[in-house]
Amino acid sequence: MEPLLDDFELLGKLGEGAFGAVHMVRHRQTGDTHVVKMSPKDDGEVGGISAWTVRELSICKQLRHPNLLRALDVQPRYWEDKLCLFFEKCDVNLKQYTRNTHLTTNIMRRLSRHLLLGVAYMHERAFLHRDFKPQNLLIVRAPLTLRIGDFGLARSLWDHHGNAQRTLT
């Protein structure tokens, strides 16, 4: 049985955007930390799930790479009109990390390499992220790893029929 949101302690907010707030949470029994994105219910969409959320989940299921944030679970919270997307563990976003860490050449080289490996993997599979910013680049401190997150604006270069899309905006 998957853990419920009530099984987690909120540790702090990593960020907030148009499609929900992103929090760091810790499982009360195991002590494992995860990222959870709480998206508001969208009454205009089928089943209350926005097209942005469906797209993000679909892309997360198609892409598996150590430098891309992996979705673990989805849980509706109907009494709060929210949908909670659970992602693997990360410690901070890049903006927070650079505020509190002396960036040596080796650290910058390692994080840059991880970013480029993640982008190359996405591009090899014909996906564009379209929302790179420090808040969407998540850091695991041990071992030091950068993971690209927030695929809500990402797009495939192919439509659902397998045809190349001519324009992406």
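This report walks through the fold, the nonpolar cores, the largest pocket and a few individual residues of a predicted model.

**Overall layout**

Let's start with the broad picture. The protein has 169 residues, and 43% of them count as buried. Its secondary structure comes to three helices and ten strands, and along the sequence these follow the pattern β-β-β-α-β-β-β-α-α-β-β-β-β. If you look at the contacts with a separation of 6 or more, 55% come from residues 24 or more positions apart.

**The nonpolar cores**

A general point helps here: in soluble globular proteins, nonpolar side chains tend to be buried together. In this model, the largest nonpolar core holds 33 residues, and the members that touch the most others are Tyr 97, Leu 111, Ile 139 and Phe 151. Several elements each supply at least two residues of this core: strand S2 (20-27), helix H1 (51-62), S5, helix H2 (94-100), helix H3 (105-124), strand S8 (137-140) and strand S9 (145-148). H3 gives the largest share of the core, with five residues.

Ile 139 is a handy place to zoom in. Leaving aside neighbours within four places in sequence, Ile 139 is in contact with Cys 90, Asp 91, Val 92, Asn 93, Leu 94, Tyr 97, Leu 111, Leu 144, Thr 145 and Leu 146. Besides the largest core there is a second, separate one of six residues, and its members include Val 25, Met 38, Cys 84 and Phe 86.

**One aromatic pair**

How many aromatic pairs are there in the model? The count comes to one. The partners are Phe 8 and Phe 86, whose ring centres are 5.1 Å apart with 40° between the planes, so the pair counts as tilted, falling between the limits of 30 and 60 degrees. Phe 8 belongs to strand S1 (residues 8-17) and Phe 86 to strand S5 (residues 82-87), so the pair ties together parts that lie 78 residues apart in sequence. Both of these phenylalanines are buried.

**The largest pocket**

The largest pocket has a volume of about 380 Å³. It is lined by 23 residues, and those closest to the pocket centre are Gly 17, Val 22, Lys 37, Asn 136 and Asp 150. S1, S2 and strand S3 (33-40) each supply at least two residues of the lining, and the largest share, four residues, comes from S1. By residue type, the lining divides into nine nonpolar, eight polar and six charged residues.

**Individual residues**

The table sets out relative accessible areas for four residues.

| Residue | Relative accessible area | Class |
|---|---|---|
| Ser 39 | 4% | buried |
| Asp 32 | 42% | partly exposed |
| Arg 130 | 30% | partly exposed |
| Asp 150 | 26% | partly exposed |

Ser 39 sits in strand S3. Why does Ser 39 count as buried? Its relative accessible area is 4%, and buried means under 20%. Not counting residues up to four places away in sequence, Ser 39 touches Phe 19, Gly 20, Thr 53, Asp 81, Lys 82, Leu 83 and Leu 85.

Asp 32 is found in the loop between S2 and S3. With the same kind of sequence neighbours left out, up to four places away, Asp 32 touches Val 25, Arg 26 and His 27. Asp 32 and Lys 89 are 57 residues apart in sequence, while their C-alpha atoms are 7.6 Å apart in space.

**Backbone points to check**

Most residues other than glycine have a negative phi, and most peptide bonds are trans. Where does the model have a cis peptide bond? This bond joins Ala 142 and Pro 143, with omega at about -10°, and Pro 143 is found in the loop between S8 and S9.

Positive phi values appear as well. Arg 130, in the loop between strand S7 (127-128) and S8, has a phi near 70°. Asp 150 lies in the loop between S9 and strand S10 (155-156), and its phi is near 60°. Asp 150 links back to the pocket, since it is among the lining residues closest to the pocket centre.

Notes. Residues numbered from 1 in each chain as written. Predicted model: local features only at pLDDT ≥ 70, side-chain atom pairs only at ≥ 80, totals over all residues. Heavy atoms only, no water. Phe/Tyr/Trp six-rings, centres within 6.5 Å; stacked < 30°, edge-to-face > 60°. Buried < 20%, exposed > 50% of the residue type's maximum accessible area, 1.4 Å probe, protein only. Core = buried A, V, L, I, M, F, W, Y, C linked by side-chain atoms within 4.5 Å. Contact = heavy atoms within 4.5 Å. 1 Å grid on protein atoms, 1.4 Å probe; cavity = no way out; pocket = protein on both sides within 12 Å on 5 of 7 lines; lining within 4 Å. Points joined across faces, edges and corners; volume = space filled by probe spheres on them. Nonpolar A, V, L, I, M, F, W, Y, C, P; charged D, E, K, R; others polar.
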